[in-house]
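Thank you all for coming; I would like to use these few minutes to walk you through one model. Please have a look at the structure before I start.

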Amino acid sequence: MEFKQVIDKRRTIREFSNEIVPNGIIIESLEAGLKAPSYNHLKQWDFIMVRDSKIRLALTQTEEMVEELSSDLLQAFENHDSLAKAMYLDAIPKQKRMILTAPELLVVVYKPKTLVKDSNRIYDLNCLASVWCCIENILLSLAEHEVLGVTFIPKNTDKVKDILAVPDELEVAAIIPFGYKAEDSKIIEQKEIDLKTRIHINVW
């Protein structure tokens with residue numbers, strides 16, 4: 001598959017088929033993640049594959065997860081851009097279910113230069129930026145095999161770390177449910193951007 005095709009296929013889904021993702025594809029994607037550029041060249045990233053249903057359930061209980069649309073939720077996004085509104089209203093009620101039912105659930109952990117809560121400068125977040133390069137490599141590698149997912153950023157990372165026994169000095173970058181797309185899985189239309197309006201030469 002050509003690289004441009006992989007990029008085009010790399011989409012977010014929250015509803016999965018029951019088809020098992022071959023372990024070889026998972027290993028290949030994690031190896032691709034480890035080839036991403038890192039802030040300190042040490043690639044201080046670790047991967048937790050969560051397959052225990054009780055642990056998954058505990059992860060969903062670290063914060064409130066709305067399971068259906070309410071008038072309050074609809075009102076909260078009333079004035080959002082139409083595509084952003086469509087994405088949020090589709091995504092929020094599916095958060096718990098996708099964590100519980102995805103064929104695979106990956107938690108990406110990294111060692112920060114400075115803990116996020118103690119960061120004062122953009123420079124302090126270099127490790128966070130580089131782990132997201134790792135995550136994108138993983139997702140692109142999965143997309144090459146028609147395996148798709150979604151990045152979920154937990155609000156209460158300390159609780160997530162407690163459940164997964166992650167050492168205090170590490171941070172959780174993302175929880176990533178992934179698998180093959182369910183036939184009726186909704187894919188939100190992407191916003192079309194005219195590149196010419198986003199390129200600036202020398203100054204804004």
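Let me begin with a single pair of residues, keeping in mind that this is a predicted model: E104 has F178 in strand 4 as its bridge partner. That pair belongs to the contact between strand 2 and strand 4, which run antiparallel to each other and are joined over seven bridges. F178 turns up a second time, because on the strand 3 side G149 also has F178 in strand 4 as its bridge partner.

Strand 3 and strand 4 are likewise antiparallel, and three bridges join them. On the side of strand 1, the pairing with strand 2 is again antiparallel, this time over five bridges, and W45 stands opposite Y110 of strand 2.

Putting these pairings together, we have an open sheet of four strands, in the order 1-2-4-3, with antiparallel pairing. Strand 1, residues 45-49, and strand 3, residues 147-149, are the edges, and each has a single partner strand, so one side of each is left without a neighbour in the sheet. From one strand to the next, the twist averages 30°.

Now, what lies across these strands? Helix 2, residues 23-33, lies across strand 1, strand 2, strand 3 and strand 4, and runs at about 160° to strand 1. Helix 7, which spans residues 126-144, also lies across strand 1, strand 2, strand 3 and strand 4, and its direction is at about 10° to strand 4.

That brings me to strand 2, residues 104-110, and to the question of how many of its residues are buried. The answer is seven of the seven, so strand 2 is largely enclosed by the rest of the structure. Taken face by face, E104, L106, V108 and Y110 are buried on one side, while L105, V107 and V109 are buried on the other, and both faces are therefore covered. E104, where I started, is thus one of the buried residues of strand 2, as well as the bridge partner of F178.

Finally, let me turn from the sheet to the surface. L195, I199 and I201 make a nonpolar surface patch of about 330 Å². Of these residues, I201 lies in the segment after strand 4, that is, after residues 171-180. Is I201 buried or exposed? With a relative accessibility of 63%, I201 counts as exposed, because the cut-off for that term is over 50%.

Technical notes:
Residues are numbered from 1 along each chain as its sequence is written. This is a predicted model: local features need pLDDT of at least 70, side-chain atom pairs count only at pLDDT 80 or more; totals for chains, interfaces and linings use all residues. Side-chain values use heavy atoms; hydrogens and water are left out. Patches are made of residues with over 30% relative accessible area and no salt bridge: like charges are joined within 9 Å, nonpolar side chains (Val, Leu, Ile, Met, Phe, Trp, Tyr) within 5 Å. Accessible areas come from the Shrake-Rupley method with a 1.4 Å probe; for residues, only the protein chains shown count as cover. A salt bridge is a side-chain nitrogen of Lys or Arg within 4 Å of a carboxyl oxygen of Asp or Glu. Helices (H or I, at least four residues) and strands (E, at least two) are DSSP runs, numbered from the N terminus. Buried means under 20% relative accessible area, exposed over 50%, partly exposed in between (1.4 Å probe, protein chains only). Two strands pair if DSSP finds at least two bridges between them. Axes are lines fitted to C-alpha atoms, for helices over the stretch in contact, and angles run from 0 to 180 degrees between N-to-C directions. Contact means heavy atoms within 4.5 Å.
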